[in-house]
Amino acid sequence: MKHPLARLDRPLIAAGLLSALVVSSAPAAHAASYDWHSRSKPLKAWEDDVAQALAYGTSYTKDGFLKNHTYYRDPRSGGDKVYTETGYTYREPGQGGESWSGHGSSDQSPRNSSGDWVDQYDKDDYSEHNDASQGRVHSKVCEDQAWSPDACSRRPYFTFAL
């Protein structure tokens, strides 16, 4: 008596194995977090070719929120205080199709001039933007100057599928 599997069509078995291989080797989903800059290569705010403020961090999605965990510091402690600012925007449908809106929140960290790295967490509840397909986290670091515009870094951003 032949084994029951001997009746199976060999090309059919090969096709099934190939399908399983293709499915199991599909690319991973988009990253849910981005590290931006680092302690050794921080984002910098410049004025007159001198670094005024430093920052680095991680932007990510978690539990229905866009989040940003930042470390920032004053490279010239005791001077003007430094801060970070995080902003959130969403890609939402409108009359002309989808576009980026400025409807998310914005948050600034406390001012600090100690020279030590300071932790800052910011978040925005993207469930309030239930028709948005994507969200962005924008970060910058600045030196707070009383009598002139603040010296600020460029403002990198990271995009997340929602």
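This passage describes the fold, the core, the charged pairs and the disulfide of a predicted protein model.

Because the model is predicted, local features are reported only where pLDDT is at least 70 and side-chain atom pairs only at pLDDT 80 or more, whereas totals for chains, interfaces and linings use all residues. Residues are numbered from 1 along each chain as its sequence is written, and side-chain values use heavy atoms, with hydrogens and water left out.

The protein contains 1 helix and 11 strands, where helices (H or I, at least four residues) and strands (E, at least two) are DSSP runs numbered from the N terminus. In sequence order these elements follow the pattern α-β-β-β-β-β-β-β-β-β-β-β. Of the 162 residues, 35% count as buried, a class defined by a relative accessible area under 20%, with exposed meaning over 50% and partly exposed lying in between (1.4 Å probe, protein chains only). The protein exposes about 10200 Å², of which carbon and sulfur atoms supply 52%; accessible areas come from the Shrake-Rupley method with a 1.4 Å probe, and for residues only the protein chains shown count as cover. Among contacts (heavy atoms within 4.5 Å) with a separation of 6 or more, 62% join residues that are 24 or more positions apart.

Strands S4 and S8 pair in the antiparallel sense over 8 bridges, pairing being assigned if DSSP finds at least two bridges between two strands. Within this arrangement, leucine 66 has aspartate 124 of S8 as its bridge partner. The covered face of S8 consists of Val118, Gln120, Asp122 and Asp124, while Asp119, Tyr121, Lys123 and Asp125 form the uncovered one.

Leucine 66 also belongs to the largest nonpolar core, which has 16 residues and in which Leu66, Tyr72 and Val141 have the most contacts. At least two residues of this core come from each of strand S2 (43–47), strand S3 (50–62), S4, S5, S9 and strand S11 (157–161), and S5 gives the most, with 3 residues. A nonpolar core is here a set of buried Ala, Val, Leu, Ile, Met, Phe, Trp, Tyr and Cys residues joined through side-chain atoms within 4.5 Å. In soluble globular proteins, nonpolar side chains tend to be buried together.

The structure holds 3 salt bridges, each defined as a side-chain nitrogen of Lys or Arg within 4 Å of a carboxyl oxygen of Asp or Glu. In one of them, glutamate 143 is paired with arginine 76, the closest N and O atoms being 3.6 Å apart. Glutamate 143 lies in strand S9 (residues 134–143) and arginine 76 in the loop between strand S4 (65–73) and strand S5 (82–94), so this salt bridge ties together parts that are 67 residues apart in sequence. Glutamate 143 is buried, at 2% relative accessibility, whereas arginine 76, at 41%, is partly exposed.

Another salt bridge joins aspartate 144 to arginine 111, with 3.0 Å between the closest N and O atoms. Since aspartate 144 is found in the loop between S9 and strand S10 (151–152) and arginine 111 in the loop between strand S7 (106–108) and strand S8 (118–125), the pair ties together parts that are 33 residues apart in sequence. Aspartate 144 is partly exposed at 28% relative accessibility, and arginine 111 is partly exposed at 30%. Glutamate 98 and arginine 91 form a further salt bridge, their closest N and O atoms being 3.3 Å apart; glutamate 98 is partly exposed at 38%, as is arginine 91 at 24%.

The structure also holds 1 disulfide, a term applied to a pair of cysteine sulfur atoms within 2.5 Å. The bond is formed by cysteine 142 and cysteine 152, whose sulfur atoms are 2.0 Å apart. Cysteine 142 belongs to strand S9 and cysteine 152 to strand S10, so the disulfide ties together parts that are 10 residues apart in sequence. The torsion about the S-S bond is about 110°, and the disulfide is therefore right-handed. Cysteine 142 is buried, with 0% relative accessibility, while cysteine 152 is partly exposed at 28%.

The loop between S9 and S10 also contains glutamine 145, which is buried at 8% relative accessibility. Leaving aside residues up to four places away in sequence, glutamine 145 touches Glu47, Asp80, Asp150 and Ala151. The C-alpha atoms of glutamine 145 and lysine 81 are separated by 7.9 Å, although these residues are 64 residues apart along the chain.
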